[in-house]
Amino acid sequence: MWLRNNQVPALAGLAAVLLCASIALIFFYAPVDEDGLNQKIFYFHVPIAFTAYACFGWGAWKGLLVLWKRKPGADLESYVAIHQGVIFGALTLITGSLWAKFRWGVWWTWSERQLVLFLVLFLFYSAYFMLRYSLEAGPQRENLCAVYALFGVVLIPISLLAIRLAENYIHPVAFNKHGPQMAGSQFFTFLVSLAAMLALAGALYRVELLGKRLDQRLRELRELLA
Amino acid sequence: MSGYFNDVAVLARKDLKLELRARSTVPAMLLFVVAALVVFHFALPAESSELAAKGMLWVAIVFTALLGLTRAFVAEREQRLIDGLLLAPCDRSAIWLAKSLSVLGFLVVVELVALPAFALFFSGIDGATVAGVALADLGICAVGTVLAAMAVAGRARELLLPLLFLPLAIPIVVGGVGASVTGEPARYLGFLALYDAVFAIISWASFEYVVTE
């Protein structure tokens, strides 16, 4: 009962606990491998990237609900999810750039395809905000934003394929068809880290959504008064 | 089904007729692409390779297409033509298909001049490049028409389209440049065909939502 009434604080608490656990695991449990200490950023960089994908996917799903079911409120949810995705995408670019600096000695490398993909996605989803804010609020804006969000999830695999075709890559391959290429303790740390990032994104999403809904409600009340 | 293609043909003919009478888009695109090629000549230092010029050709094609796409829905919005089209008893995706075909027509006309001009100014053009350009044109027109319809709905209009279009054009540039500069163009042409198919389907399915409320 308490959980149902306090979903957001519960989610935020879960995110905080998981984040603390993942940081403890990263620094005290996961072994230092041949790359040395700088490999630790892997446990931030990759979960953040996965979380960004999850946000974009969630935004597109909500966009599909706008178009398909005409679900009220789905437009706002789609927008908030994409907003979160852009924030996590920017963090991916920053952590990836730091990692590249320590690993290869350069801040940016075109041969790391995840990083290039995130640059493309960052540009694409930044244009989403330009589109959204150049339109009047209303059903047309909901439609256009939803269609654009759907284009985004189609663009992700296509761009990845394009970047793969375009570049010879030196990105360390952590996952391939033989499963994760890391020790069990590393993989466990990675999973906790990923769960922490997803919980954090979920909590932020819910908080942001609450605020936006409050804004909307306030605006409606003001219009009623005026 | 023949009714559908009949609608498409009528709508596309309307665009071609408008262009023949007003001559507002194609001459501008032609001038732009030739001017761009001249600019690229001066942008490339003397010892730069032929491959760099091939890359520039793709920049010219994407930006010229962008110029044409910016104009694609201007009459529809400014003269409220879109209201008439939406009232017409035809499927909304027919409007997309017709507009894509007419933009494709303009782009092909421009490239019929641009590719020989490129061959004249820079270097010869092989069959793989021509095939790449043809496949890229399909993708550019399919995606670009939807985005152009989105962009004219907003306040920013001309400003918005390049921002929406360029990230989506990056895979086209990768495929096109790969087809024209590498020894094995087949996989790049295959990639362009995949891009065309995927985005044509999603554009065809989603256009109705872009123009209606």
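**Exercise 1. Work out how H3(B) passes H6(B), and what the contact consists of.**

Start with the handedness: the crossing of H3(B) and H6(B) is right-handed, that is, the near helix is turned clockwise from the far one, whereas anticlockwise by less than a right angle would be left-handed. Helices here are DSSP runs of H or I with at least four residues, strands are E runs of at least two, and both are numbered from the N terminus.

Next, the geometry. H6(B) covers residues 92-121, and its axis comes within 10 Å of that of H3(B), crossing at roughly 145°. Axes are lines fitted to C-alpha atoms, for helices over the stretch in contact, and angles run from 0 to 180 degrees between N-to-C directions.

Now pick out the residues. H3(B) brings in Leu57(B), Ala60(B), Thr64(B), Ala65(B), Gly68(B), Leu69(B) and Ala72(B), and across from them H6(B) has, among others, Lys99(B), Phe106(B) and Phe118(B). Contact takes C-beta atoms, placed from the backbone, within 7 Å.

Finally, sort by class: 11 nonpolar, 2 polar and 1 charged. Nonpolar is Ala, Val, Leu, Ile, Met, Phe, Trp, Tyr, Cys and Pro; charged is Asp, Glu, Lys and Arg; the others, Gly among them, are polar.

A word on the model: it's predicted, so local features need pLDDT of at least 70 and side-chain atom pairs pLDDT 80 or more, while totals for chains, interfaces and linings use all residues. Residues are numbered from 1 along each chain as its sequence is written, and chains are lettered from A and ligands numbered from 1 in the order in which they are written.

**Exercise 2. Do the same for H3(B) and H7(B).**

Angle and distance come first: H3(B) (residues 50-72) and H7(B) (residues 127-153) pack at about 35°, with axes 10 Å apart. This crossing is right-handed.

Then the partners: Ile61(B), Ala65(B), Leu69(B), Thr70(B) and Ala72(B) sit against H7(B) residues including Val133(B), Ile140(B) and Gly144(B). The tally is 8 nonpolar, 3 polar and no charged residues.

**Exercise 3. Check the length of H9(B) and find its kink.**

H9(B) has 26 residues, so at 1.5 Å a residue the span should be 38 Å; the rule multiplies 1.5 Å by one less than the number of residues. The end C-alpha atoms are 37 Å apart, which agrees.

For the kink, go to Ala205(B), where H9(B) bends by about 40°. The bend is the angle between axes fitted to the seven residues ending there and the seven starting there.

**Exercise 4. Place Asp91(B) and describe its surroundings.**

Asp91(B) lies in the loop between H5(B) (81-87) and H6(B). Count neighbours: 15 other C-beta atoms within 10 Å, so Asp91(B) is partly exposed (20 or more would be buried, 12 or fewer exposed, with C-beta atoms placed from the backbone).

Leaving out residues up to four places away in sequence, Asp91(B) touches Tyr4(B) and Asp7(B). Asp7(B) is 84 residues away in sequence, yet 8.4 Å away C-alpha to C-alpha.

**Exercise 5. Describe the side of chain A that touches chain B.**

First count: 25 residues of chain A contact 25 of chain B. On chain A, the elements giving two or more residues are H5(A) (113-133) and H6(A) (139-166). H6(A) gives the most, with 16.

By class, this side of chain A has 21 nonpolar, 4 polar and no charged residues.

Definitions and conventions: Two residues are in contact if their C-beta atoms, placed from the backbone, lie within 7 Å.
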